Amino acid sequence: MRIPLLASALLLAGLATASAQNASPNASGASPASPVPGQPATMADNLRPTFVAQTPDDRVASKLIGTSVVNGANETIGQIADIVLDEKNTVKSWVIGVGGFLGLGSKYVAVDPSVLKIDRTDDKTLQVRIDTTKDQLRAAPEYIYLGKEPPKGAAPASPAGEPAQKP
């Protein structure tokens, strides 16, 4: 009994919908607006990505990170650990890992981009130079990544009196 009743209700609902679609949309007798033919979706030219090919003069960040940093006496005093970009995608600072052994116990120091000199020694090798000593880098303030805890015993660095963030 339920199935025939449900089928009848669905049939009546379908007929009511079909008759409503055929009815005039307004009582004034004006014809309905004609449909607009569909257009394929496209991106405007100003939204298209610009693709760039690498040139021999380009310096790729993945090749710079881990590169040894040497001083004027050609002594290795650290390695590039990271590159910090600002909101305009320009290099804000170079993070250099100083001290430690095989990355353990390293201290990170952020230096201004103007103090590093990056040159090519050949087609594949980059050389990074800085005019300082290992002791000066060790004495520099430590660069602490936001959201990371400072080392034990160190005072947390927080901007403008704000509480230090914890991970």
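## Exercises on a tyrosine cluster and a nonpolar core

**Exercise 1.** In this predicted model, decide whether Tyr 143 counts as buried, partly exposed or exposed.

*Solution.* The relative accessibility of Tyr 143 is 24%. Buried requires under 20% and exposed requires over 50%, so Tyr 143 counts as partly exposed.

**Exercise 2.** Classify Tyr 108 and Tyr 145 in the manner of Exercise 1.

*Solution.* Tyr 108 has a relative accessible area of 30% and is therefore partly exposed. For Tyr 145 the value is 29%, so this residue also counts as partly exposed.

**Exercise 3.** Determine how many aromatic pairs the structure holds, and describe their geometry.

*Solution.* There are 2 aromatic pairs. In the pair of Tyr 108 and Tyr 145, the ring centres lie 6.4 Å apart and the planes meet at 75 degrees; an angle over 60 counts as edge-to-face, so this pair is edge-to-face. Tyr 108 belongs to strand 4, whereas Tyr 145 lies in the segment after helix 3 (134–139), so that 37 residues separate these distant parts of the chain. In the pair of Tyr 143 and Tyr 145, the centres are 5.1 Å apart and the planes stand at 85 degrees, so this pair is edge-to-face. Through these ring pairs, Tyr 108, Tyr 143 and Tyr 145 form a cluster.

**Exercise 4.** Identify which residues of the largest nonpolar core touch the most other members, and which strands supply at least two residues each.

*Solution.* The core has 17 residues, and those touching the most other members are Val 69, Trp 94, Ile 96, Val 111 and Leu 116. At least two core residues come from each of strand 2 (76–85), strand 3 (91–98), strand 4 (107–111), strand 5 (116–120) and strand 6 (126–130). Beyond its neighbours within four places in sequence, Trp 94 contacts residues including Leu 64, Ile 80, Val 109 and Ile 118.

Notes:
Residues are numbered from 1 along each chain as its sequence is written. This is a predicted model: local features need pLDDT of at least 70, side-chain atom pairs count only at pLDDT 80 or more; totals for chains, interfaces and linings use all residues. Side-chain values use heavy atoms; hydrogens and water are left out. A nonpolar core is a set of buried Ala, Val, Leu, Ile, Met, Phe, Trp, Tyr and Cys residues joined through side-chain atoms within 4.5 Å. Buried means under 20% relative accessible area, exposed over 50%, partly exposed in between (1.4 Å probe, protein chains only). Helices (H or I, at least four residues) and strands (E, at least two) are DSSP runs, numbered from the N terminus. Contact means heavy atoms within 4.5 Å. Rings of Phe, Tyr and Trp (its six-membered ring) pair if their centres lie within 6.5 Å; planes under 30 degrees apart count as stacked, over 60 as edge-to-face and the rest as tilted.
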